[in-house]
Amino acid sequence: MTGDRMEARIHSPSYFSSASPEAIQKGLQAWEAALAQFDKAAHILEASGHPLKRGLIQFLRRPKRELIVHFPVQMDDGSIRMFTGYRVHHNAVRGPTKGGIRYHPDVTLEEVRALAMWMTWKCALMNIPYGGAKGGVAVDPAQLSPRELERLTRRYATEISLLMHPGGDIPAPDVGTNPQIMAWIMDTYSMHTGFTQPAVVTGKPVEVGGTMGRVEATGRGVMMVAAEALKVNRIPIEQATIAIQGFGNVGSHAALTACLMGAKVVAVSDFRGGVYNPKGLDIPRLMEHDRRNRTVVGFPEGEPISNAELLTLKVDVLIPAALENQITLENAPYIQARILAEGANGPTAPEADEILIEKGVFIIPDILCNAGGVITSYFEWVQDLQSFFWAEEEINSRMERILKRAFYEVLAKEEGLRPYGLRRGDYRTAAQALAIGRVAQATLIRGIYP
Ligand code: NAD
């Protein structure tokens, strides 16, 4: 380990975790990106005559509370392995905190903190009554047996149950987690409290209080918003070509929805590589291939393509649906997509943003584009609290209404902020300004306790 990398490791709160120095650096990058975006939005709010009080800026820039847990898990061979997990509440002014749980080897406190902050802005932008949170464990779930995964999940849920509550903090799935894992979290919490508490976590299977449409919600929502962006850019959806990085929950359902809407998905990828077919990929068959092989690589009805190549394809819509910091200073000049629909959280580095805006790429920022998941999680929570369940059409139409309203609110905000120095097409800053303004206002109305 070189001196600098060692420094990064020792000074990181993730020191005891298995995260590599590279992961720690990536986490720091994500947190710095979140802060840079915040500062830009705060600056434009000030320029437009709506300054945030100095102390308020400091309050909104910081997380409310951060929990780090180091815990043992008994492996199938009888050995004991230590894991590190996190749960961060960024802000709880507008309601209980909401945010997913990520299982990935590169999870660090800094990454979780950035994701928690983005959740605060996302919930405020959608105007749903939540604050922002995120959690995660530094683990590669694919390396664990199902029993090990269950034991890890139940122990992590127990460790963070200090912070979880149906009225206080409600986790959900994210990268590397799924409905089964949410069911174990719900069961563990319920066992501790002595009665079944479905509303403590969302993204559960429907058999145990999950909602119709949650599995598909994020990807479906991405395409609902992308469809509006295509309309605004006068591109008929039937003629639109789409490339998607990441073929997990978000990427695969965005692909399927795109097909159902009549668009042509020409390329998709996962962490192993990608597949390209200019005539359009048969997504249901590709999903079947992915289910059997756990990768899109090797799909016979297309050519291999690398992740780097996929990002620079000449398509109408590029959907990054994997991890943070994929579009950077290095590859942004080569992006040829007309619309960037951010399925992932934080896929675009702030410096890349400037280049894309300059090039005229229509960026649908993450907190707007992938909010279908948290909206439907909100519906699941409401249904659980009322023990009264809705039909899927109702879920989807309510979700679409909220997403479209937010989309046009962001467009209007961008226009409204232009006279104060906002660059034309900087929808990210417009979205953040709208969201931050809402959280700031709620804070002032509540008052600073005591
Ligand atoms: P997932 O674990 O289901 O899928 C992730 C996909 O990304 C996999 O196909 C994986 O192979 C791929 N991937 C990982 N590293 C990659 C790389 N370097 N290059 C290309 N592909 C890579 O995760 P998900 O739930 O689909 O989440 C994807 C993104 O969407 C994340 O940024 C997440 O925070 C965000 N998001 C998820 C939800 C949700 O409801 N699941 C909601 C909002 C936002």
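Here are two short exercises with worked solutions on the structure above.

A word on the ground rules: this is a predicted model, where local features need pLDDT of at least 70, side-chain atom pairs count only at pLDDT 80 or more, and totals for chains, interfaces and linings use all residues. Residues are numbered from 1 along each chain as its sequence is written, and side-chain values use heavy atoms, leaving out hydrogens and water.

**Exercise 1.** Find the largest nonpolar core and work out where it lies between the domains.

*Solution.* Start with what counts: buried Ala, Val, Leu, Ile, Met, Phe, Trp, Tyr and Cys residues joined through side-chain atoms within 4.5 Å, with buried meaning under 20% relative accessible area (1.4 Å probe, protein chains only). The largest such core holds 93 residues, and L52, W121, M126 and I319 have the most contacts inside it. Helix 4 (residues 109-126; helices are DSSP runs of H or I, at least four residues) gives the most, with 10 residues. Domain 1 (13-35 + 63-196) and domain 2 (215-369) both contribute residues, so this core lies between them. Those bounds come from an automatic or database domain assignment.

**Exercise 2.** Which residues come nearest to the ligand, and which polar atoms lie by its oxygen atoms?

*Solution.* Take the 23 residues around the ligand (a heavy atom within 4 Å): D174, T218, N249, V250 and N345 come nearest. Next, look for polar contacts, here pairs of N or O atoms within 3.5 Å. A polar side-chain atom of T218 sits 2.7 Å from a ligand oxygen. Polar backbone atoms also show up: one of G248 at 3.2 Å from a ligand oxygen, and one of G343 at 3.4 Å.

Technical notes. Buried means under 20% relative accessible area, exposed over 50%, partly exposed in between (1.4 Å probe, protein chains only). Helices (H or I, at least four residues) and strands (E, at least two) are DSSP runs, numbered from the N terminus. A polar contact is a pair of N or O atoms within 3.5 Å; within protein, one must be able to donate a hydrogen and the other to accept it, and residues adjacent in sequence count only if both atoms are side-chain atoms.
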